[in-house]
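This report describes one protein model for a reader who has not seen it before. Its topics are the core, the pocket and the confidence of the prediction.

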Amino acid sequence: MREQTANRVFDTINFVVLLLCTLLCLAPFLHILAISLSSVKPIQAGLVSLIPIDLNFEAYAKVFTDPAMIRSLFFTMLLTVIFTVMCMVLTIAMGYPLAKKKLKGRKLFMFVVVITMFFSGGIIPEYILIKNLGLLDSIWALVLPGLVNPFYLIILISFFNNIPESLEESAEIDGSSHFRTLLSIMIPLSLPVITTLSLFYAVGRWNGFTDTLMYINSPSLYPLQLKLYQLIQNNMVSELMQMEGSQMATVVPESLKAASVIFATVPILIVYPWLQRYFVSGVMLGAVKG
């Protein structure tokens, strides 16, 4: 009886703590959302907190009717899809053989993978390499440099190690090649961790903008996050949104910035519910050896 009471108290405390943590994480997002939906005077007076005051959708109207923002949205979606697909193809192609303990030179390859987690050439050598390869001002400058994340690769290798070797041995007895075994057995069994790592890759690419600052000059190749960076840091409202002075009187920069942040955040948030059922199991199975 005492044990049941103690478990209930623990569950209650755990629920309250997690609820408070959730509210703390949601508070900044709700604050930005409230500012984007509020009118001019409450924002200027600093009255907006978590609830919109004097509901106003004009900021969103400006964002959704701006050709530059819409173009950046579709380019960012294309960039994220290309980057995620290529990352997972290379991560799986590298992780499957490295999971084989009988692979010759496996320790050397693993050492090379791990060493990149702690040391890198630096920004300047990376820029010189991208320039010499002729990738400046192209989409490939945003895709190729980060195709394989060593940490994600180690998670995938750990997951492959947890799959019973008897499955692969049975496939080999039936005449299956390594490529066929990978496609027919390993990848279907690894769907949770593959989906989770795909989400990690996609979110990382969606939120990235520093490489665009270094490698991209054409506005047509600007992702959404770079637009937000310019809008918020440099206050480039007139250049980005292409609004006339009469319209600027009814939409303050703060609401416009907040609406742009929501515009860039919601698309990647929509993806998460579709992958939620794989998320926890994928991370745990890839990180804990059974």
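Which residues in the largest nonpolar core touch the most other members? They are Leu156, Phe160, Val193 and Leu197, in a core of 37 residues. A nonpolar core is a set of buried Ala, Val, Leu, Ile, Met, Phe, Trp, Tyr and Cys residues joined through side-chain atoms within 4.5 Å, where buried stands for under 20% relative accessible area (1.4 Å probe, protein chains only).

This is a predicted model, in which local features need pLDDT of at least 70 and side-chain atom pairs count only at pLDDT 80 or more, while totals for chains, interfaces and linings use all residues. Residues are numbered from 1 along each chain as its sequence is written, and side-chain values use heavy atoms, with hydrogens and water left out.

Helix α4 gives the most to the largest core, with eight residues. Helices here are DSSP runs (H or I, at least four residues), numbered from the N terminus. Leaving aside residues up to four places away in sequence, Leu156 touches Thr91, Ile92, Val193, Ile194 and Leu197; such a contact has heavy atoms within 4.5 Å.

The protein chain has an average pLDDT (the predictor's confidence in each residue, from 0 to 100) of 81, and 87% of the residues score at least 70. Helix α4 has the highest mean among the elements, 91, and α14 (residues 245-248) the lowest, 44. Two stretches have pLDDT below 50:

| Stretch | Contacts beyond near neighbours in sequence |
|---|---|
| residues 242-252 | 21 contacts |
| residues 286-290 | eight contacts |

How values were computed:
Helices (H or I, at least four residues) and strands (E, at least two) are DSSP runs, numbered from the N terminus. Buried means under 20% relative accessible area, exposed over 50%, partly exposed in between (1.4 Å probe, protein chains only).
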